[in-house]
Amino acid sequence: MTLQHAQTLTKAAVLELAGIEKIYRTDSLETVALANINISIQQGEFVSIMGPSGSGKSTLLNVLGLLDAPSKGVMRLHGMDVTKLKENAIAQVRNQEIGFIFQSFHLVNDLRVLDNVEIPLLYRKGLSGSERKQLALEAVQQVGLSSRTKHFPSQLSGGQQQRVAIARAIVGKPKLLLADEPTGNLDSAMGDEIMNILHTLNREHGTTIAMVTHDERLAAQTDRTIRIFDGQQVA
Amino acid sequence: MLNFSKNFSQIPQLFKLVWNRKRSNALMVTELVAAFMVLFFVCLAVLHFALTYRLPLGYEYENVWNIQAYRKQSAEVESTAITRQSAQRLVSVLRGLPSVELASFVSTTPFSFSHRMTSFNRGEKYKTEISIVTNEFDKTMNLTLTQGRWFNASDDAYNGTTSTVKVVVINECAAATFFGKENPIGRDITYIPGEGIGKDLERTRYRVVGVISSFRKGSEFDQSGNFMFERTNILDTTSFLPSQILVKMKPGTAASYEEEMLKKLEQTAPNWSFQITTLAADREKKHKNLYFALIPGLTIAAFLLITVGLGLVGVVWQSVTRRMRELGVRRAFGATRQDIYFFVIGELVALTTFAVVFGLFLVAQVPLIPFYEVPTATYALSICAAVIGMYILTTLCALYPSRLAGTVQPSDALRYE
Amino acid sequence: MLRNYLLLAWKVLLRRKFFTFISLVGISLTLATMLVVTAIIDYHANPPRPYTKQARMLFVKSVMGKSKDFTTINEPHYGFHDKYVRPLPGVEKFSIQTESTFITYPNGQKTTLTAKIVDGVFWEIFDFEFLEGAPFTEDDNQQRRMVAVVSEKTRQRYFGDASALGKSITLGSKTYRIVGVARDVASSLSVSGDVWYPVSIDLTPKDRTGVLDEGAGGFTSVILANNASDLPSIQAAFQAMLPTVKFASSNIEYMQAAAETNFGVQAQMFFGFDSEDKDYGKRDNATRLIALLMALTLGFMALPAINLVNVNVSRILERASEIGVRKAFGASSTALVGQFIVENLVLTIIGGAIGVLLAEAVLLWITSAGIFPNAVFHVNARVAVYALGMSAVFGLLSGVLPAWKMARLPIVQSLKGGINA
């Protein structure tokens, strides 16, 4: 893998999208979900992505997170073209470079907090069980849930669950954090709590964050807002 | 590209998942434990019979004919002396036949369904099967003597029911049971006095004059248990008269010779009734009897395992479709397709491990049930085979659902709202 | 209402073809196995002709004799049956038999014939079907006439397709005139034989006076009562008679025995004869065997039942969100559980029907393969009722737990599904 090498070449842009298109095809129908998207996200930026329902912003987030391959266009992560990578290599990139936060948390109900947080580390080479545990504990500490490591998700409030999800997203120390309406399922007090954590991560640890949101108020707190409408980039 | 070191990191979490879901997994584990038990008994039966079959039989049954000879129930009362004379005449007539090499009276023939057992009032381990035979039996069956000697005319001194000493030849298994590593020749086996024994038996001493390698009376499928030959002289009216004659035929004697032999026998002793079979035919009958019990049993076991296997496929398949999002999250966080295969199979394997541990506990109780004596090595082997079998079965069952889980894209999985 | 349930059940089963398939395989294989075993047991417990009057029959077979030195389990002498069993109150007809084996060579072919040596009353108790001629009479027996009845198979072996009447058959040193040909009976039934001749011909003075010796005897007897309801009192009289038996010629001190129904005899044979059994003849073997068979059936059904429970639970969880929606729209738990139980019942009944067909096929094969010579097995009405009962038990066993789980499924959770509900 030439990741290390690539990183030193283009320090500034974490992620570059050029001419990205995403078309869903069924037998009779062709739906254009994204058309001609050009985005560049710099190291340490906190970017928000806005758009109405069905505008394609979730598709964009999937493409950004390498969960879905674009139909056309080039995408560079640390200057390396990731659209050409094989499936397992993409999985490895996701594992090491990207962390995900979902609207409805997506925690595994039958696993305790610490075991949930540990999940990304299970798919990383060369980590012993005690190392994994140590990293997971650090991540849980970062989101202020050290006292809840042995709880099951169902024993936690929504805000706490989302903090566990954030811990899981940052446990592998990714360069890029992707958040899909992270406060959408939470009341405003809890939502603010989550936003504070994200801002802290961005400011103090230099984590690059891309966040999909509906909330102009939250978008205003970010460095920059990308707007999507009908699959087109409008701002 | 399969990367196992990475796959294996999931193992502790698989066990945690299975353990944390123990309430909903209880029924699955119960089913797997039951399947394990079925598989264990199948392995035990198959291995036991397969391993036993390969042991030496201890005698040769080819060209040996088996004549059942007994006085008809309807025959008029006659003196014991006359009966013994007829018996002796029968043997000499048989020996006079050109196709016959040897003939010997015997109380229990190989492959027969009857037993004559005694335990010397010492308990289960000392139970030994006894056959009462005449001098020629060893050559008729081509037994292998390993210590001492076979019976001869000098043993006449111990004949009859009045003699308190009986000479016997035992197999190596019985020698080990009664005398351990000591030399059994010239030693006596006696009854331990106690309830249910007459005074006569209490006094009787069984003096060992020889040891033969083995004598697996039942068939190739029976174990080598304790066996003892007691000598009888049919001319002595006070000694036992066995009801069967084994005849060693010259090789190549046609089966149709039976009719001629039967006529000769009926002429010699008109008050007697005869049935002639070959030991080879008796052996076949004995084997058929075993297959008759074994084949339906194994078929039913196979049915049960097929049913369980199909059920497992269904349950795992369903659990995969139900948990697409969990799998999707794992994919998003960098799990490869192989990791997912491993995860789905691994979960059932972890469940199986719990079942196997519980099953082993149950199986450990089985040797305590003395329903059938099986060597410890066969037990151990059957347990290993059943454990391996369970893992193979469950892995096969999870294989298709795991492929199904692997084909799902991480983004698809997240769309499962 | 029920019609809707059934229609919906049918649709659901068709929609989930794989689950329906696994469930059906499990149910039908399990039921078929049990039906085959049941049909074979039923055939021997309720045998066809000549056991027409079996409900009124009792059998006296092996007895246990105890002396100081040994225990013998054997069929007693003619004298025991004649002197002690025949006079028991309530006995309408009584027959004593023994058997012997002869090797003969008709047309140069070695043949082993099982001879049943019986009296004339035997033919009145057992309702044999005669293809030719008639049975010999009690008078023939008393007069020691050299007559014999042969089976259909024996006639075939000796005379081909020709009539056997008036022809002779030689067994050992004696020759008999054939007076009748009886239809073959399954050889696993104790009454079956290849040839029958009068018992008086062979009786020795020792047989007539003897009771029980070590290693001798070999006679059995059949009691026919007026009414099936008389059997218990005859059995009681039999037990009361035992202590009065005198063992003139042997050192046997007392005996244990029983007059048992056909099924009781079969049960005793199943459990085997153990000379150390202190309760020999005093146990109700028939009930014991039935209890054992029930336990085995349940044990055997347990695994497929648990399997079906697991599949059913899976089916329900798969439909968790559908169930949640129905509940949210006001469907009561009872209605949902009712729907599920109807579904499971439809499944079990279809599985049961396939099981019956499978069992019938296997029984046809067993019949034609001659595993039980001359026996013809079918899933008869009695076995079918049993099948229905077993299907119901199976359906209940496998349906109750999943239904309970389903009723308790909370609406919100079922709607959300949860990441791994």
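# Close-up views of a predicted model

**View 1. A:Asp110 and B:Arg21 pair across two chains.** A:Asp110 is buried, with a relative accessibility of 17%. The model shown in this and every other view is predicted. The salt-bridge partner of A:Asp110 is B:Arg21, and their closest N and O atoms are 2.3 Å apart. Where do the two residues lie? B:Arg21 sits in the loop between H2 and helix H3 (22-53) of chain B. A:Asp110 sits in the loop between strand S6 (98-101) and helix H4 (113-122) of chain A, so the pair joins two chains. B:Arg21 is buried too, because its relative accessible area is 9% and the limit for buried is under 20%. Side chains of opposite charge can pair when their charged atoms come close.

**View 2. Chain B meets chain A.** How many residues does each chain bring to the contact? Chain B gives 30 residues and chain A gives 30 residues. Together the two chains bury about 2800 Å². Carbon and sulfur atoms account for 54% of that area. Four salt bridges are counted between chain B and chain A. In one salt bridge, A:Asp115 pairs with B:Lys16, with the closest N and O atoms 2.7 Å apart. Polar contacts also cross the interface: 12 residue pairs are found, with both residues at pLDDT 80 or more.

Which elements of chain B build its side of the contact? Those that give two or more residues are helix H1 (4-8), helix H2 (11-20), helix H10 (324-332), helix H11 (337-365) and helix H13 (410-415). H10(B) brings the largest share, six residues. By type, the chain B side that touches chain A divides into nine nonpolar, 10 polar and 11 charged residues.

**View 3. B:Arg283 and B:Glu220 form a salt bridge within chain B.** Their side chains meet at 2.8 Å, N to O. B:Arg283 lies in helix H9 (residues 279-322) of chain B. B:Glu220 lies in the loop between strand S8 (205-212) and strand S9 (227-231), so the pair ties together parts that are 63 residues apart in sequence. Are these partners buried or exposed? B:Arg283 is buried, at 14% relative accessibility. B:Glu220 is buried as well, at 8%.

**View 4. C:Asp139 and C:Arg145 pair in chain C.** The two residues form a salt bridge, with the closest N and O atoms 3.2 Å apart. C:Asp139 is partly exposed, with a relative accessible area of 40%. C:Arg145 is partly exposed too, at 33%.

**View 5. Salt bridges with shared partners build a network.** Which residues belong to this network? Its members are A:Asp110, B:Arg21, B:Arg323, B:Glu326, B:Arg330 and B:Glu347. Over all chains, the structure holds 41 salt bridges.

**View 6. B:Cys384 and B:Cys397 have no disulfide partner.** How many disulfides does the whole structure contain? A search over all chains finds zero. Why is B:Cys384 unpaired? The closest cysteine sulfur, in B:Cys43, is 10 Å from its own sulfur, which is too far for a bond. A disulfide needs the two sulfur atoms within 2.5 Å. B:Cys397 also has B:Cys43 as the holder of its closest cysteine sulfur, but at 16 Å, again too far for a bond. The surroundings of the two residues can be read from their accessibility. B:Cys384 is partly exposed, at 45%, whereas B:Cys397 is buried, at 5%.

**View 7. B:Ala81 comes close to a residue far along the chain B sequence: 155 residues separate B:Ala81 from B:Asp236, yet their C-alpha atoms are 8.5 Å apart.** B:Ala81 belongs to helix H4 (residues 80-96) of chain B. Its relative accessibility is 33%, which makes B:Ala81 partly exposed.

**View 8. C:Thr98 reaches a backbone oxygen.** What does the side chain of C:Thr98 reach? It comes to 2.8 Å from the backbone oxygen of C:Gly218. C:Thr98 lies in strand S4 (residues 91-104) of chain C. The residue C:Thr98 is buried, with a relative accessible area of 9%.

Key
Residues numbered from 1 in each chain as written. Chains lettered and ligands numbered in written order. Predicted model: local features only at pLDDT ≥ 70, side-chain atom pairs only at ≥ 80, totals over all residues. Heavy atoms only, no water. Buried < 20%, exposed > 50% of the residue type's maximum accessible area, 1.4 Å probe, protein only. Contact = heavy atoms within 4.5 Å. Buried area = accessible area lost by both parts, 1.4 Å probe. Polar contact = N/O pair within 3.5 Å; in protein donor to acceptor, adjacent residues only side chain to side chain. Helix = DSSP H or I, 4+ residues; strand = E, 2+ residues; numbered from the N terminus. Nonpolar A, V, L, I, M, F, W, Y, C, P; charged D, E, K, R; others polar.
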